Amino acid sequence: MTRVVAALNADERIEVFHIRADGALYHNWETFPGFSWFGEVPLGEVAHFAKALAVGANQDGRLEVFYTGNNNALYHNWQTAPNGGWAGETALGGSAVALAVGANQDGRLEVFYIGTDDALYHNWQTAPNGGWAGEAPLGGFAKALAVGGNQDGRLELFYMGTNDALYSNWQRAPNDGWAGEGMLEGGGKALAVTQYDDGTIGLVYIGDDDALYSNYQRAPNDGWNGAEIIWDVNPGTPLQALDVAVVFSGRLDGILDVFYIGLDNSLHHTEW
C-alpha cells in the first residue's frame, strides 16, 4: 500500500501527503519553492483515515488526492483553486488496496488501482477537470503500482505482480487504449515514477531486500538503462524503505527528490 506521495503545486512548491502510523491522512508543503516546510497537518478539517493514496494535478493546476478508506472504498479530495484549500472527502466509486494516478495528454486524470481481488482497474475523467467515467478492468494482477507519462504523451503503468516481478503496460497512442502486460528487470514491494526534464521516465522501487533501486529510460519513449542501488551518504550502505515517492522539480539539473518511509517508520528525504 502507498503511504507517502508527493506532487508540485501550480506555483512549484512541493506538497507531500502521507498516512501516519495511526492511519490518519496528513499533508505538508514547502512555504516557498526550495525553502522550508510548513509542518504536517491533517488533510481536511476533520482527520480522515486511509490505507493507500495517490495524488495528481488537474489541467487547471489544482492538486487532487485519491485514497482508500478503512473499508477499502475509493475517495478523492481536490484543491478548490490552484495552490489553495481543499473541497473535502467525496466517494469516487469502487474499492481498492493500492492506487496511482496519471494525467492524459489532453489533461484528463486517470486513476489506476488494484482491487480487493488483486486485479487491475482504471477510471478516468470524461473531460479535463471534470467528472469520472466509472470503473473498468485493465488486465493483469498486482500488489503495487505507479504510473508515469512518456514524452509523446502516452501514459505507462508500472506494477509489481503477485509473483513479485516488475511489469509495465502502456498506451498505444496518447489518450488511447493499452498495449498489454510486459516484463521489466527487477521486482520487489513498492515503486514510484517521475519524468525528467529531457522527457525520460525515472523509476524508483523497493526490492525484496528492502533496498531502494533506480531505473530510467535510455531516451524518451524508449527502453530502460537498468537497475541501480540508491546509496546512503555512508559509503557502501544502500537506503532501505517501506514506501517511496519521487518528484523531479527541475530546479537543479539532474536532482531527484526522493521521499521514503524508512525501516524505522519515519519519513525521510534525500536527493539523487
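Which residues lie nearest the centre of the second largest pocket? I would like to start there, and I should say at once that what we are looking at is a predicted model, so please hear everything that follows as a description of that model.

The residues nearest the centre of this second largest pocket are H18, E40, I261, S266 and L267, and they belong to a lining of 16 residues. The space inside comes to about 320 Å³. If you follow the strands on the screen, strand 2 (14–19), strand 22 (257–261) and strand 23 (267–271) each give at least two residues to that lining. By class, the lining of the second largest pocket is made up of seven nonpolar, six polar and three charged residues.

Let me turn to the largest pocket, which holds about 1,100 Å³ of space. It is lined by 50 residues, and those closest to its centre are A6, V55, V101, V147 and V193. Two or more lining residues come from each of strand 1 (4–8), strand 5 (52–57), strand 9 (98–103), strand 13 (144–149), strand 17 (190–195) and strand 21 (243–247). As for the character of this lining, 33 of its residues are nonpolar, 13 are polar and four are charged.

Next, the aromatic residues, of which I will show two pairs out of the 11 aromatic pairs that the structure holds. The pair of W37 and F259 is edge-to-face, with 6.2 Å from centre to centre and 80 degrees between the planes. This pair links distant parts of the chain, since W37 sits in the loop between strand 3 (25–29) and strand 4 (41–42), while F259 sits in strand 22, 222 residues apart. The two partners also differ in their surroundings: W37 has a relative accessibility of 33% and therefore counts as partly exposed, whereas F259, at 4%, counts as buried.

The second pair is that of F158 and W224, whose ring centres are 5.4 Å apart and whose planes stand at 85 degrees, so this pair, too, is edge-to-face. Because F158 lies in strand 14 (residues 155–160) and W224 lies in the loop between strand 19 (212–216) and strand 20 (228–229), the pair ties together parts that are 66 residues apart in sequence. Here F158 and W224 are both buried.

I now come to single residues, beginning with R13, which is found in the loop between strand 1 and strand 2. You might ask of this arginine: is R13 buried or exposed? Its relative accessible area is 10%, and because the cut-off for buried is under 20%, R13 counts as buried. Its side chain makes a polar contact with the side chain of D11 at 2.7 Å, and the side chain of R13 also reaches the backbone oxygen of E30 at 3.1 Å. Setting aside neighbours within four places in sequence, R13 is in contact with A7, L8, W29, E30, T31, F32, P33 and N83. The C-alpha atoms of R13 and F35 are separated by 8.9 Å, with their positions 22 residues apart along the chain.

The next residue is N77, in strand 7 (residues 73–78). With a relative accessible area of 1%, N77 is buried. A polar atom of the N77 side chain lies 2.8 Å from the backbone nitrogen of G88. Not counting residues up to four places away in sequence, N77 touches L43, L63, E64, V65, Y67, W86, A87, G88 and E89, so that G88 appears both in this list of contacts and as the partner of the side chain.

Finally, two loop residues deserve a careful look at the backbone. Phi of N72 is near 70 degrees, which is a positive value in a residue other than glycine, and N72 is placed in the loop between strand 6 (63–68) and strand 7. D118 likewise has a phi near 70 degrees, again a positive value in a residue other than glycine, and D118 lies in the loop between strand 10 (109–114) and strand 11 (119–124). As to accessibility, N72 at 18% counts as buried, while D118 at 35% counts as partly exposed.

Technical notes
Residues are numbered from 1 along each chain as its sequence is written. Side-chain values use heavy atoms; hydrogens and water are left out. Helices (H or I, at least four residues) and strands (E, at least two) are DSSP runs, numbered from the N terminus. Buried means under 20% relative accessible area, exposed over 50%, partly exposed in between (1.4 Å probe, protein chains only). A polar contact is a pair of N or O atoms within 3.5 Å; within protein, one must be able to donate a hydrogen and the other to accept it, and residues adjacent in sequence count only if both atoms are side-chain atoms. Contact means heavy atoms within 4.5 Å. On a 1 Å grid over the protein atoms alone, a cavity is a set of points where a 1.4 Å probe fits but cannot get out, and a pocket is an open set with protein on both sides within 12 Å along at least five of seven lines; lining residues have an atom within 4 Å of a point. Grid points are joined across faces, edges and corners, and a volume is the space filled by probe spheres set on the points. Ala, Val, Leu, Ile, Met, Phe, Trp, Tyr, Cys and Pro count as nonpolar, Asp, Glu, Lys and Arg as charged, and the others, Gly among them, as polar. Rings of Phe, Tyr and Trp (its six-membered ring) pair if their centres lie within 6.5 Å; planes under 30 degrees apart count as stacked, over 60 as edge-to-face and the rest as tilted.
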